[in-house]
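Here is a brief structural report. The sequence and structure come first, and the notes follow.

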Amino acid sequence: MKKLYALTLSMMLLLLVMAGCSTKDNNKQSDAKKQSADKKVELTVSAAASLQDALDDIKADFEKDHPNVKLNYNFGASGTLQQQISQGAPVDLFFSAAEDKFDLLVKKGKIDKKKGEDLVGNDLVLIVPKDSNKGITSFKDLTKATKIALGTPEAVPAGQYGEETLKNLNLWKSVKGKVVYGKDVRQVLTYVESGNVDAGIVYKTDALISSKVKIVATASEKSHTPIIYPVGVIKDSSHLKEAQLFYNYLHSKKSMQVFKKYGFNGLK
């Protein structure tokens with residue numbers, strides 16, 4: 001009887017030990033899963049300067065829906081951003097204001113064409129300071145200006161489109177000497193806002209966010225290369241899963257409504 005009691009007691013103790021080990025293992029697994037879920041991932045998105053306001057709004061919505069992902073934006077001229085990525089800058093997504101800059105990265109193998117798409121479009125406009133008295137009401141009136149702001153064509157797509165427009169209107173030769181170049185479209189906007197120049201060529205979306213300038217003319221779509229904004233995931237991103245998640249979010253109805261609010265044109 002004593003032997004049976006001792007055996008029963010031993011078995012009970014063994015079961016208790018095993019249960020304790022199992023509980024510890026389960027707790028460890030649960031803690032590991034929790035730590036994994038709580039781990040914050042930071043994405044770097046290089047985007048054209050003209051996208052800043054729309055993307056800031058989208059960032060707030062995205063991070064609210066995905067608290068474990070933090071978005072870090074690097075805004076600038078598309079050409080400059082493209083060069084940075086080509087040289088190995090750690091970037092997860094590229095949102096360009098020009099197809100040619102984007103296509104260069106596709107050709108270099110930095111972006112998978114299947115993970116890139118033309119997302120939105122824009123219009124090119126001529127702006128002047130709100131209180132301007134120069135009588136500039138059209139592109140042809142630029143001959144009246146003393147200084148004209150334009151993005152550097154080699155790096156700034158808006159500058160490239162602006163130069164194309166002026167050449168197609170046979171105005172480039174007569175105004176070229178008056179041009180003050182900006183490092184990106186937002187700097188061009190600032191030049192006009194401050195009154196340091198008489199006029200500037202920017203995107204419609206940039207002009208709409210400023211109360212210090214007015215739009216006096218819109219360039220014909222036939223006068224320049226189509227203004228298209230492609231976006232894509234960088235192949236060697238350290239966070240491909242999260243980068244794809246944000247890429248998909250940019251295509252959502254909610255995000256497209258934000259782009260529309262800021263004056264961008266849908267392409268679908």
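## Helix 2 against helix 9

The model is predicted. In the contact between two of its helices, Leu 55, Ile 58, Asp 61, Phe 62 and Asp 65 of helix 2 meet Leu 245, Phe 246, Tyr 249 and Leu 250 of helix 9. Two packed helices are described by the angle between their axes and the distance between the axes. Here the angle is about 120° and the axes are 11 Å apart, for helix 2 (residues 52–65) and helix 9 (residues 240–250).

Angles of 65 to 115 degrees count as roughly perpendicular and those over 145 as roughly antiparallel. The pair falls in neither class, so helix 2 and helix 9 are oblique to each other. Their crossing is right-handed.

## The open sheet

An open sheet is built from 6 strands in the order 2-1-3-10-4-11, with mixed pairing. Strand 2 (69–76) and strand 11 (265–266) are the edge strands, each pairing on one side only. Helix 2 packs on this sheet and touches strand 1 (41–48), strand 2 and strand 3. The direction of helix 2 makes about 175° with that of strand 2.

Helix 9 lies across strand 1, strand 2, strand 3, strand 4 and strand 10. It runs at about 160° to strand 10. Within the sheet, strand 4 (residues 111–121) and strand 10 (residues 228–234) pair in the antiparallel sense over 6 bridges. One bridge joins Gly 121 to Ile 228 in strand 10.

## Ser 96

Where does Ser 96 sit? Its place is in the loop between strand 3 (93–95) and helix 4 (99–107). Is Ser 96 buried or exposed? The relative accessibility is 0%, so Ser 96 counts as buried.

A polar atom of the Ser 96 side chain lies 2.8 Å from the backbone oxygen of Ala 98. Leaving aside residues up to four places away in sequence, Ser 96 touches Ala 48, Ser 78, Lys 101, Phe 102, Ile 228, Tyr 229 and Pro 230. Ile 228 thus appears again: it is the bridge partner of Gly 121.

## Strand 5

Strand 5 (residues 124–129) is largely enclosed by the rest of the structure, because 6 of its 6 residues are buried.

Strand 5 pairs with strand 8 (residues 199–203) in the antiparallel sense, over 4 bridges. Val 125 has Val 202 as its bridge partner in strand 8. Strand 5 also pairs with strand 9 (residues 213–218), in the antiparallel sense over 5 bridges. Leu 126 stands opposite Ala 217 in strand 9.

Technical notes
Residues are numbered from 1 along each chain as its sequence is written. This is a predicted model: local features need pLDDT of at least 70, side-chain atom pairs count only at pLDDT 80 or more; totals for chains, interfaces and linings use all residues. Side-chain values use heavy atoms; hydrogens and water are left out. Buried means under 20% relative accessible area, exposed over 50%, partly exposed in between (1.4 Å probe, protein chains only). Two strands pair if DSSP finds at least two bridges between them. A polar contact is a pair of N or O atoms within 3.5 Å; within protein, one must be able to donate a hydrogen and the other to accept it, and residues adjacent in sequence count only if both atoms are side-chain atoms. Contact means heavy atoms within 4.5 Å. Axes are lines fitted to C-alpha atoms, for helices over the stretch in contact, and angles run from 0 to 180 degrees between N-to-C directions. Angles under 35 degrees count as roughly parallel, over 145 as roughly antiparallel, 65 to 115 as roughly perpendicular and the rest as oblique. A crossing is left-handed if the near helix is turned anticlockwise from the far one by less than a right angle, and right-handed if clockwise.
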